[in-house]
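Hi everyone, thanks for making time for this. I'd like to walk you through a few side-chain environments, so let me put the structure up on the screen.

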Amino acid sequence: MFIPLIVFAVYLVSIGVIAYIGAKRTRTLADFVAASGQLGFWTYSLLMIGSVFSGMTLIGVAGLAFTTGWANVWERIIGPPFAIAFGTIVIGHRLFRLKDRNGILTIQDYLAYRYNDPKVMRVLAGVISAVTCFVYLIGQYTAIGVVSQIVLGIPYWMGAVIAAVIVVAYVMSGGMFSTAWTTFLQSVLMLLGIYITVPLIISWVGGFEAMNQALIAMPEIQNATRGVAEDFMFAKYLSKPFAPAAVPLAGWVYNLTLFGITVPLGLMVAPHIVNNMLTFRKISYTRWSPLVMYIIGFTAIMLTALAGMAARVAWAEGMIDIPSLTLGSIEVKWSDMAYPTIASKALPYWLFVLLLPTILAGVMSTTDRLILTAANNISYDVVRNALGQNISDKAVKRINLLVIPLIGFGSLIIALSPQQLLAWFIWAALSLMVNCFFFPIILGLYWQRMSRNAARLSMVIGFTVTLVTFAMFGKTIYIAGIPVYSVLPGFIASLLTAVVLSLAGK
């Protein structure tokens, strides 16, 4: 217990020192919001990786792979790596030529400029962005609590609270420079941790081939060892690239709507990701950074998924025990515990201890970016620009000193009641993001006919239909008996609104 606490303390001190240096570098509002567009190649690339490879990657992806195995391989191919790489090409490249000439620091700046709508569009985009970032944050705190309980041995709630206090403090101090520079270190730690630990975990269950053979025989193994039904947690689909269309989560139709629309497109236009695309120094970065980000991102997320599959094999064979979680009156396996649980058994103690900063780095590198984005939405986009308050740069920073703790600790309160699979939190937030921002941004950049009213209503209708769909049907709707992820109605409604109103108007 003593050694993990030392590692934890060293990690926190390192982050604090870097955040302080970033705070000293922050002199203007442009520095605080967008690092004045001065980030270098590797700082930008690792900022993008760290912003999407979060608790969802290190905890959620492993938990998903524990549950569905290879049946959700699509997420590893066209998920976060595709989003940041392709987004830099189709959005970052276009915005670069506009940002300096038009003083664009946030995506709300761009939308206000593109649609000549400095008030209504800013308020809509700013408020929706803050709400979606808030939801996204819940999943990050869940991941922090999970790893704190397994590695540090402290209660779930205590780990989440400690991390919230730390990240809120350094985001308040230095804005984007502190966030970018701490994320650089955190991304390096996260990637090294994944690349070192996962091969050892796979070796512990017998190697890659033995793991896959066990996945093929999973129903029989589970019945023999655990005494559970053959279809328990998608056992008969673990070795397949996808399940039949009638199967939720693992089915190929569900995969297309969740991992073909929600994850890649939602991340591509997520406000904190698009705002990152306004921070790099040279347009030449859009030539090679997408390839670098995709290669690093794909290998990291695939290895994390393999750790989850190895944990499923180890659990089925009685080598580890995954903790349970009570949801209402039902007790379920807490799949998000897969990666840290198998690591605690498979790794040497000194390496297992180093898993703590690895996962914390992945989680906090996204958490800080979300908090900063949501705070800037309120202070910079809404209060100063949309409402036309003639306030100074210092006043904007003072507003952030109030807003940042409200957002950081408000989302923490909800996260103190965890769910079985934290990925659902992330996917819900991404559903709102894609259905609000995808068509106003992409069509605004590439279709001159896209109009102001179409953009406004596309955002409002996409947001509303998505909320109503989730409220009425939950995560899944059924079309002709086929389960589909609940993002689809809002996505179609947002698209039709954008296209029809643009064609009908002047």
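Let's begin with a question: is F86 buried, partly exposed or exposed? F86 is partly exposed, with a relative accessible area of 36%. Please keep in mind throughout that this is a predicted model.

Now, what does F86 do with its ring? A search over the whole structure turns up 15 aromatic pairs. One of them joins F82 and F86, and that pair is stacked, at 5.1 Å centre to centre with 15° between the planes. You'll find both residues in helix 6, which covers residues 80-102, and they sit four residues apart, about one turn of the helix. F82 is partly exposed too, because its relative accessibility is 29% and the partly exposed class runs between 20% and 50%.

Let me turn to another pair, F470 and Y485. Their ring centres are 5.7 Å apart and their planes stand at 80°, so this pair is edge-to-face. F470 belongs to helix 19 (residues 452-473) and Y485 to strand 4 (residues 482-485), so the pair ties together parts that are 15 residues apart in sequence. As for accessibility, F470 and Y485 are both buried.

There is also a cluster for you to look at. Ring pairs link F41, W42, Y44, F96, F280 and Y285. One member, F280, has a charged neighbour as well: K99 lies over the face of its ring, 5.0 Å from the ring centre. A similar arrangement involves F66, where the charged end of R312 sits over the ring at 5.6 Å from its centre.

Last stop, away from the rings: D117. This residue is in the loop between helix 7 (107-114) and helix 8 (120-152). Is D117 buried or exposed? D117 is buried, since its relative accessible area is 4%, and buried here means under 20%.

So which partners does this acidic side chain have? On the side-chain side, D117 and R456 are joined by a polar contact of 2.7 Å. On the backbone side, the nitrogen of M121 lies 3.1 Å from a polar atom of the D117 side chain. If we leave aside neighbours within four places in sequence, D117 is in contact with A112, R122, R452 and R456. R456 therefore turns up twice for D117, because it is in that contact list and also makes the 2.7 Å polar contact.

That's my tour, and I'm happy to rotate to any of these spots again.

Conventions:
Residues are numbered from 1 along each chain as its sequence is written. This is a predicted model: local features need pLDDT of at least 70, side-chain atom pairs count only at pLDDT 80 or more; totals for chains, interfaces and linings use all residues. Side-chain values use heavy atoms; hydrogens and water are left out. Helices (H or I, at least four residues) and strands (E, at least two) are DSSP runs, numbered from the N terminus. Buried means under 20% relative accessible area, exposed over 50%, partly exposed in between (1.4 Å probe, protein chains only). A polar contact is a pair of N or O atoms within 3.5 Å; within protein, one must be able to donate a hydrogen and the other to accept it, and residues adjacent in sequence count only if both atoms are side-chain atoms. Contact means heavy atoms within 4.5 Å. Rings of Phe, Tyr and Trp (its six-membered ring) pair if their centres lie within 6.5 Å; planes under 30 degrees apart count as stacked, over 60 as edge-to-face and the rest as tilted. A charge sits over a ring if NZ of Lys or CZ of Arg is within 6 Å of the ring centre and within 35 degrees of the ring normal.
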